[in-house]
Amino acid sequence: MKKGEKVVMLFHLIGLTSEEESMVSKIHKDGSVTLENGFRFNIKTGRCMNDNTAFGASRSLKVNYV
C-alpha cells in the first residue's frame, strides 16, 4: 500500500455493508494508514483504529487491500 493509492472502506451496520472509495493520505510506521477522509486503519487486520460509529456499526478496509 502506498500514498495516493485508492482503497475501499466498508461500513457495516445491521447486516448491511456499504462501500466508499478513498485514497491513502499517510502511511504510519506502526503498520497503519490514514485515508483522506481521516479514518485510520491497521493494515494487517483492516480494522478502523479511530472508529466513531455507534449502535453496532463499524468500518474496515476491503479484504483485498489488507
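With which residues is Arg40 in contact, leaving aside its neighbours within four places in sequence? In this predicted model, the partners of Arg40 are His28, Asp30, Ser32, Val33, Thr34, Arg47, Cys48, Met49 and Asn50. Arg40 itself belongs to strand S4. With a relative accessible area of 26%, Arg40 is partly exposed, because that class lies between the limits of 20% for buried and 50% for exposed residues.

Two of the partners of Arg40 are also joined to this residue by polar contacts between side chains. The contact between Arg40 and Asp30 spans 3.1 Å, and that between Arg40 and His28 spans 3.4 Å. His28 is located in the loop that runs between strand S2 (residues 16-27) and strand S3 (residues 32-35). Although placed in a loop, His28 has a relative accessibility of 17% and therefore counts as buried. When neighbours within four places in sequence are set aside, His28 is in contact with Val33, Thr34 and Arg40. Val33 and Thr34 also appear among the contacts of Arg40.

A second arginine, Arg59, is situated in strand S5. Arg40 and Arg59 are separated by 19 residues in sequence, and their C-alpha atoms lie 10.0 Å apart in space. The relative accessibility of Arg59 is 15%, so this residue counts as buried. A polar contact of 3.1 Å links the side chain of Arg59 with that of Asn52. Not counting residues up to four places away in sequence, Arg59 touches Met9, Leu10, Phe11, His12, Phe39, Phe41, Gly46, Arg47, Cys48, Asp51, Asn52 and Thr53.

Cys48 connects the surroundings of the two arginines. Apart from neighbours within four places in sequence, Cys48 is in contact with Phe39, Arg40, Phe41 and Arg59. Cys48 is also a member of the largest nonpolar core, which has nine residues. The other members are Val7, Met9, Val24, Val33, Leu35, Phe39, Phe41 and Leu61. The elements that supply two or more residues to this core are S1 and S3. In soluble globular proteins, nonpolar side chains tend to be buried together. Several core residues also appear in the contact lists of the arginines: Val33 and Cys48 are among the contacts of Arg40, while Met9, Phe39, Phe41 and Cys48 are among those of Arg59.

Nonpolar side chains are also found at the surface. Leu13, Ile14, Leu16 and Phe55 make a nonpolar surface patch of about 530 Å². Within this patch, Leu13 is part of strand S1 and, at 31% relative accessibility, counts as partly exposed. Ile14 lies in the loop between strand S1 (residues 6-13) and S2, and its relative accessibility of 74% places Ile14 in the exposed class. Phe55 occupies the loop between strand S4 (residues 40-42) and strand S5 (residues 58-61); with a relative accessibility of 83%, Phe55 is likewise classed as exposed.

Two members of the patch also have a notable backbone angle. Most residues other than glycine have a negative phi. In contrast, phi of Ile14 is positive, at about 40 degrees, and phi of Phe55 is positive as well, near 60 degrees.

Key. Residues numbered from 1 in each chain as written. Predicted model: local features only at pLDDT ≥ 70, side-chain atom pairs only at ≥ 80, totals over all residues. Heavy atoms only, no water. Helix = DSSP H or I, 4+ residues; strand = E, 2+ residues; numbered from the N terminus. Buried < 20%, exposed > 50% of the residue type's maximum accessible area, 1.4 Å probe, protein only. Polar contact = N/O pair within 3.5 Å; in protein donor to acceptor, adjacent residues only side chain to side chain. Contact = heavy atoms within 4.5 Å. Core = buried A, V, L, I, M, F, W, Y, C linked by side-chain atoms within 4.5 Å. Patch = residues over 30% accessible without salt bridge, like charges linked within 9 Å, V, L, I, M, F, W, Y side chains within 5 Å. Areas by Shrake-Rupley, 256 points an atom, 1.4 Å probe, with all protein chains shown as cover. Salt bridge = Lys/Arg side-chain N within 4 Å of Asp/Glu carboxyl O.
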